[in-house]
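I opened this model to look up how its strands are arranged and what sits around them. My notes follow in the order I checked things.

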Amino acid sequence: MKPINEMKLVIPSRSANESFARVAVASFVAQLDPTIEELTEIKTAVSEAVTNCIVHAYREQIGNIHLAVKLYEQGRIVIRVRDAGCGIENIEKAMEPLFTTAGEERAGLGFAVMESFMDKLKVLSKPGKGTIVTMEKKLKIRPHR
């Protein structure tokens with residue numbers, strides 16, 4: 001199925017860019033008229049995915065984070081967040097709630113949050129090559145007033 005609209009964004013993995021990524025995706029998705037709750041869930045999931053790139057993928061260096069958002073008929077949204085960082089050794093373990101490789105200051109809930117707010121979450125990763133997180137959400141269609 002062909003998207004009705006799409007956008008791509010590349011940002012450096014700096015902490016300051018996390019909020020920009022979240023707002024950019026939310027602004028783009030707004031054309032589908034999501035509820036405030038749906039928009040908040042999307043923003044939170046994007047924030048978690050981008051933060052994972054900043055904290056885990058690139059650790060002590062700056063690399064590029066690639067965001068792609070595709071909008072489809074019937075309110076379906078696909079968001080892809082990709083990095084070329086260190087990759088994930090064990091995806092299953094990384095997706096366990098409370099698991100983190102970043103020390104005690106991190107809660108280890110990023111993937112759990114993404115999963116709870118999105119309808120689908122797919123994580124592909126190769127150690128030394130990077131990670132692709134694909135999230136999908138179907139907005140509730142509301143009758144027009």
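Before the hairpin, I fixed a term: two strands count as paired if DSSP finds at least two bridges between them. I also note that this is a predicted model.

Entry 1, the hairpin. I looked at the hairpin of strand 4 and strand 5, where three residues lie between the strands. In that hairpin G128 has a positive phi near 80°. Strand 4 covers residues 120-126 and runs antiparallel to strand 5, with seven bridges joining them. I picked one bridge to follow: V123 has V133 in strand 5 as its partner.

Entry 2, the other neighbour of strand 5. I turned to strand 3, residues 76-83, which is joined to strand 5, residues 130-138, by eight bridges. This pair is antiparallel too. V133 came up again here, as the strand 5 partner of V81. V133 is thus bridged to V81 and to V123. I also noted that I77 is bridged to K137 in strand 5.

Entry 3, the sheet. In what order do the five strands lie in the open sheet? I read the order as 1-2-3-5-4, with antiparallel pairing. The edges are strand 1 and strand 4, each of which pairs on one side only. On average, neighbouring strands of the sheet are turned by 10° against each other, ignoring direction.

Entry 4, helix 1. I then checked what lies on the sheet and found helix 1 packed there, touching strand 1, strand 2 (64-72) and strand 3. The direction of helix 1 makes about 175° with that of strand 1. Which residues of helix 1 are buried? I listed N17, E18, A21, A24, V25, A26, F28 and V29. I recalled that an α-helix has 3.6 residues a turn, so residues three or four places apart point the same way. The buried residues of helix 1 pack against helix 2 (36-57) as well as strand 1, strand 2 and strand 3.

Entry 5, S13. I found S13 in the loop between strand 1 (5-12) and helix 1 (16-29). Is S13 buried or exposed? The relative accessible area of S13 is 3%, so I entered S13 as buried, the cut-off being under 20%. Beyond its neighbours within four places in sequence, S13 contacts I54, Y58, Q61, I62, G63 and I65.

Entry 6, cysteines. I counted zero disulfides. I looked up C53 and found it buried, at 3% relative accessible area. C86 has 27% relative accessibility, so I entered C86 as partly exposed, a class that lies between 20% and 50%.

Entry 7, the whole chain. I counted four helices and five strands. From the N terminus their order is β-α-α-β-β-α-α-β-β. Of the 145 residues, 43% count as buried. The exposed area of the protein is about 8,500 Å², and carbon and sulfur atoms supply 52% of it. Last, I checked the contacts with a separation of 6 or more: residues 24 or more positions apart account for 65% of them.

Note on methods:
Residues are numbered from 1 along each chain as its sequence is written. This is a predicted model: local features need pLDDT of at least 70, side-chain atom pairs count only at pLDDT 80 or more; totals for chains, interfaces and linings use all residues. Side-chain values use heavy atoms; hydrogens and water are left out. Buried means under 20% relative accessible area, exposed over 50%, partly exposed in between (1.4 Å probe, protein chains only). Contact means heavy atoms within 4.5 Å. Axes are lines fitted to C-alpha atoms, for helices over the stretch in contact, and angles run from 0 to 180 degrees between N-to-C directions. A disulfide is a pair of cysteine sulfur atoms within 2.5 Å. Accessible areas come from the Shrake-Rupley method with a 1.4 Å probe; for residues, only the protein chains shown count as cover.
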